[in-house]
Amino acid sequence: MSSSLQSTIRDLQLRRGRERRGLTLAEGVRLVEEALAAGVPVRGAAVSPALEGTPRGKALKAALVARGARLEEVGDPELDQLADTEHPQGIVAIIEPARWGLHHIDLHRGGVVLVLDAVQDPGNVGTMLRTAQALGAAGVVALKGTAELTNPKVIRGSMGALFKFPAVSTDEPAFLEWSRASRLEIWVTAADGVPLDRPDRPDRPDRPDRLALVAGNEGAGVGPGLSAAAQRRVAIRLVPGAESLNVAIAAAILMHEVLRDR
């Protein structure tokens, strides 16, 4: 028989359920550990005997009990049905992710903001969040058309970056208004842009103190509104015959270029 906790987990597998409840799911020992370490509220969890199969899993279960999280014991086959991954490691947790706003992005000492313009693949979005946080970006802005930031696939791909790093969902007009008020220079990625990995290029732009680096849709690239607002079009030098890179890989290379001299 399905319990209320299991019904909630199933509801949170759907976007409308996550939006209505303000909750999402975290699967696996490491991701739930990251949530606890970041102070993210864990509202409950379905756990199976597999969780206690390792010392780390036992410690996590004890930590959840100590935090007062509601735990429901289920069999391993039941947990597999609740999980989105093949190996949930004995736990599917219900978490309340942080609600980030543009005001949470700290630009007082300058910084780089990664902007996602209709990046649709949740795996790409999660990877870009993880990379931006690891390289020292000030935050990520996800514009309309981008995969939902609380999608469990995004959270898994981010490996917990979303728990401690400002990642904001907003629309293009609100972002452009904020970027003007924040004195951000906008650079968009484009195949015909100036390569940033060629310091010998006389037209290679110096990185401004405050920068928004925009990565576009996997197929269509950056939209016309942001392209028109941009001060620069930048690119990665590729060998002849190579058409493009995966958007998450391209964003990682460009972020490294603009952040390495900070």
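1. Contacts of Arg-210. In this predicted model, Arg-210 touches two stretches of the chain beyond its neighbours within four places in sequence: Leu-107, His-108, Gly-110 and Gly-111 on the one hand, and Ser-182, Arg-183, Leu-184 and Glu-185 on the other. Arg-210 itself belongs to strand β9, which covers residues 210-216.

2. Charge environment of Arg-210. The residue is buried but forms no salt bridge. Asp-209 offers the nearest side chain of opposite charge, at 4.3 Å; the pair is not counted because a salt bridge requires a separation within 4 Å. The side chain of Arg-210 does, however, reach the backbone oxygen of Ser-182 at 2.9 Å. Ser-182 is also listed among the contacts of Arg-210.

3. Geometry of helix α4. This helix comprises 13 residues, 55-67. Its span from first to last C-alpha is 18 Å, close to the 18 Å expected at 1.5 Å a residue. Gly-68 follows α4 and has a positive phi, near 85°.

4. Buried side of α4. Which residues of α4 are buried? They are Gly-57, Leu-60, Lys-61 and Leu-64. These residues lie on the same side of α4 because they cover an arc of only 100° around the axis. In general, an α-helix has 3.6 residues a turn, so residues three or four places apart point the same way.

5. Surroundings of α4. The cover over the buried residues of α4 includes α3 (29-37), β2 (42-47), β3 (70-73) and β4 (91-95). On the face turned away from the buried side, Pro-55 and Ala-66 are exposed.

Key
Residues are numbered from 1 along each chain as its sequence is written. This is a predicted model: local features need pLDDT of at least 70, side-chain atom pairs count only at pLDDT 80 or more; totals for chains, interfaces and linings use all residues. Side-chain values use heavy atoms; hydrogens and water are left out. Helices (H or I, at least four residues) and strands (E, at least two) are DSSP runs, numbered from the N terminus. Buried means under 20% relative accessible area, exposed over 50%, partly exposed in between (1.4 Å probe, protein chains only). Lys and Arg count as positive and Asp and Glu as negative; His and the chain ends are not counted. A polar contact is a pair of N or O atoms within 3.5 Å; within protein, one must be able to donate a hydrogen and the other to accept it, and residues adjacent in sequence count only if both atoms are side-chain atoms. Contact means heavy atoms within 4.5 Å. The expected span of a helix is 1.5 Å times one less than its number of residues. The arc is that of the directions from the helix axis to the C-beta atoms.
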